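Q: Hi! I've just opened this one and could use a friendly tour. Can we go through it together?
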Amino acid sequence: MIAMALTRRGAGVLEACEREVPSVKAGEVLVRVRACGVCRTDLHVVDDELPDIEVPRVPGHEIVGTIERLGDGSPAFQEGDRVGIPWLGFTRGKCEYCTGGRENLCRLARFTGYQIDGGYAEYAVADARYVFKLPDSYNDVEAAPLLCAGLIGYRAYRMAGDGRRVGIYGFGAAAHIIAQVARHDGREVYAFTSPGDVTAQEFARSLGARWAGASTERPPDPLDAAIIFAPVGTLVPQALRQTTPGGVVVCAGIHMSDIPSFPYRDLWEERTVRSVANLTRRDAREFLALAPTVPVKTRVRPYDLVHANDALSDVRRGRLEGAAVLVPPQTSR
Ligand SMILES: [Zn+2]
Ligand SMILES: [Zn+2]
């Protein structure tokens, strides 16, 4: 099979490799990849911005595919089922976090496309316990961004609380999904982009944002919550200054540049800054049930698998509306 792999730590680009189709062990499924979304986290992997990256590694944790082979003991699925494989790929299931509904924080968790080879390939293997059936109303390419931009975006959105006015910093794949969910919940969305990114601001307005402007601007009303999807630490104090007393700022990414110091008065009056890490399988079940009822429509740009580096570079430069999705050769669009 063809796989796009990181072969040298920090290389910043992937190499096309010819590999054996992986074999399945008990409890695993072999999935023929039909589409795999490109997430900013994949950039953090290829740029060596996460700890302990091993090479060679195939990135990709928004995998849509069909089950080609079942290992022993995967009773939830049949060959031919269409499934999604997200970021959370394994936990031990025994620690306080796992037994307390917070498996996203398990110390022994392993993640797809980071510690486990992911979906930038024609085939991927996954632990069947971390694989999900997908709503029929999405085709393969449309469904891919639901699996991280959607799932982790949704977790970040829930952590933002119930306030009416929600700010979103960085209007990429996750934001375009969560804006739709927030509108569906009757909330007002305020979209913050890089200064001058009129295209992203227009895109946000087209998805129902009440206001869209530069991250340095003050919105017309103070925010009850802000979610930061951009990996830019300076946004944290900026967002905090736009929130009302009791407001919350959620950092949704796995990596961010350093947060500059800021005066305590910007945090005063019970404002909160928090991060969101990974996802639980419960997040996945909830969001995959919710998405078709909104209905969330994903904006996708497909790329041939072998052009993964072009997709990564477009995500890096913020040149996309919505989400980049890789498509292996055999998939019809
Ligand atoms: Zn655990
Ligand atoms: Zn992701």
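A: Happy to. One definition before we start: helices (H or I, at least four residues) and strands (E, at least two) are DSSP runs, numbered from the N terminus. Also keep in mind that this is a predicted model.

Q: Good, I can use those labels. Where is arginine 265?
A: Arginine 265 sits in the loop between strand S14 (243-251) and strand S15 (272-275).

Q: Is that arginine buried or exposed?
A: Arginine 265 counts as exposed, because its relative accessibility is 63% and the cut-off for exposed is over 50%.

Q: How far is arginine 265 from valine 325 in space?
A: The two are 43 Å apart, C-alpha to C-alpha, with their positions 60 residues apart in sequence.

Q: Let's zoom out. How many helices and strands does the chain have?
A: The chain has 9 helices and 17 strands.

Q: And the overall dimensions?
A: The C-alpha trace spans about 55 × 40 × 40 Å along its principal axes. For 333 residues, a compact globule would have a radius of gyration near 20 Å, and the chain's 19 Å agrees with that.

Q: How much of it is tucked away?
A: Of the 333 residues, 55% count as buried. The accessible surface comes to about 14400 Å², and carbon and sulfur atoms account for 47% of it.

Q: What about contacts along the chain?
A: Taking contacts between residues at least 6 apart in sequence, 70% join residues at least 24 apart.

Q: And charges?
A: There are 40 positive and 41 negative side chains, and the centres of the two sets lie 3 Å apart.

Q: Now the metals. What holds the zinc ion (ligand 1)?
A: Cys95, Cys98 and Cys106 coordinate the zinc ion (ligand 1) through their SG atoms, at 2.2 to 2.3 Å. The spacing of these donor residues in sequence is C-x2-C-x7-C. Cysteine 95 lies in the loop between strand S6 (88-90) and helix H2 (96-99), and cysteine 106 in the loop between H2 and strand S7 (110-111), so this pair ties together parts that are 11 residues apart in sequence.

Q: Are those two cysteines buried or exposed?
A: Cysteine 95 counts as partly exposed, at 25% relative accessibility. Cysteine 106 is buried, with a relative accessible area of 6%.

Q: Which residues are the protein donors of the zinc ion (ligand 2)?
A: For ligand 2 the donors are Cys39 (SG), His61 (NE2) and Cys148 (SG), lying 2.0 to 2.2 Å from the zinc ion. Their spacing in sequence is C-x21-H-x86-C. Cysteine 39 is in the loop between strand S3 (28-38) and helix H1 (40-46), while cysteine 148 is in the loop between helix H3 (140-143) and helix H4 (149-159), so the pair ties together parts that are 109 residues apart in sequence.

Q: And how covered are they?
A: Cysteine 39 is buried, with a relative accessible area of 14%, and cysteine 148 counts as buried at 7%.

Q: You mentioned H1. What about histidine 44?
A: Histidine 44 is in helix H1 and is buried, with a relative accessible area of 5%. Leaving aside neighbours within four places in sequence, its contacts include Glu49, Pro231 and His255.

Q: Last one: which helix has glutamine 201?
A: Glutamine 201 is in helix H6 (residues 198-206). At 11% relative accessibility, glutamine 201 counts as buried. Beyond its neighbours within four places in sequence, this glutamine is in contact with residues including Thr193, Ser194 and Ala212.

Key:
Residues are numbered from 1 along each chain as its sequence is written. Chains are lettered from A and ligands numbered from 1 in the order in which they are written. This is a predicted model: local features need pLDDT of at least 70, side-chain atom pairs count only at pLDDT 80 or more; totals for chains, interfaces and linings use all residues. Side-chain values use heavy atoms; hydrogens and water are left out. Donors are N, O and S atoms within 2.8 Å of the metal (3.2 Å for Na, K and Ca); water is not among the atoms, so sites may look incomplete. Buried means under 20% relative accessible area, exposed over 50%, partly exposed in between (1.4 Å probe, protein chains only). The radius of gyration is taken over C-alpha atoms; the globule rule is 2.2 Å times the number of residues to the power 0.38. Contact means heavy atoms within 4.5 Å. Accessible areas come from the Shrake-Rupley method with a 1.4 Å probe; for residues, only the protein chains shown count as cover. Lys and Arg count as positive and Asp and Glu as negative; His and the chain ends are not counted. The place of a charge is taken as NZ of Lys, CZ of Arg, CG of Asp or CD of Glu.
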